[in-house]
Amino acid sequence: MFRRFLMVLGIALMAPLLVGDDAEESREAVAERLKPFGKSCLEGQDCGSAAPTPTEFGVGLSGKGVYDKYCSACHETGLNEAPLVASDAWDERIAKGEAVVFANTKKGFNEYMPPKGNCLDCTDDELRAAIDYMVTGDEEGKAFP
């Protein structure tokens with residue numbers, strides 16, 4: 001048993017010498033792959049010039065553009081009782097007020113309406129423009145006066 005231990009120990013100690021430069025290159029490759037690729041920065045710390053978050057610049061789409069890309073799958077077909085564009089189904093929602101409609105859009109509503117309609121990079125203005133479009137069916141229309 002002790003002999004086997006010595007043999008295994010000897011092999012383990014000699015292995016780096018037996019494989020030569022390839023082992024060193026392999027170690028360097030592994031070290032390169034394990035290097036951190038970014039820097040963590042906590043709120044309140046000076047982290048230099050951080051790139052803006054997507055919610056700071058939005059998706060750059062109009063209300064209809066946001067609707068076409070993110071909302072139409074449900075609001076064009078009425079899937080899961082989503083109100084259709086420019087339909088009377090919006091009347092009861094609009095009656096609850098702009099703050100409620102916007103809060104439901106931003107946070108999500110019931111189990112079917114996801115937060116921000118899945119446009120997680122949309123700004124508040126882009127979400128409001130999408131609401132305006134869905135309520136009126138007009139790119140220039142306003143859901144709330």
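Visitor: Is the crossing of α6 and α7 left-handed or right-handed?
Guide: In this predicted model, the crossing of α6 and α7 is right-handed, a label used when the near helix is turned clockwise from the far one by less than a right angle. Helices here are DSSP runs (H or I, at least four residues), numbered from the N terminus.

Visitor: Which residues make the contact?
Guide: Glu98, Val101, Phe102, Thr105 and Lys106 contribute from α6, and Asp124, Leu127, Arg128 and Ile131 from α7, where contact means heavy atoms within 4.5 Å.

Visitor: And at what angle do the axes cross?
Guide: The axes, lines fitted to C-alpha atoms over the stretch in contact, with angles from 0 to 180 degrees between N-to-C directions, cross at roughly 110° and come within 11 Å, for α6 at residues 98-107 and α7 at residues 124-136. The two helices are therefore roughly perpendicular to each other (65 to 115 degrees).

Visitor: Switching to α6 alone, which residues are buried?
Guide: Val101, Phe102 and Thr105 of α6 are buried (under 20% relative accessible area, with exposed meaning over 50%, using a 1.4 Å probe and protein chains only). They cover an arc of only 95° around the axis, which puts them on the same side of α6; the arc is that of the directions from the helix axis to the C-beta atoms.

Visitor: What do the buried residues of α6 pack against?
Guide: They pack against α5 (89-95) and α7, whereas the face of α6 turned away from its buried side carries the exposed residues Ala99 and Lys107.

Visitor: What comes just after α6?
Guide: Gly108, which takes a positive phi of about 100°.

Visitor: What are the ground rules for numbering and confidence?
Guide: Residues are numbered from 1 along each chain as its sequence is written. Local features need pLDDT of at least 70 and side-chain atom pairs count only at pLDDT 80 or more, while totals for chains, interfaces and linings use all residues, and side-chain values use heavy atoms, leaving out hydrogens and water.

Notes
Parallel < 35°, antiparallel > 145°, perpendicular 65-115°, else oblique.
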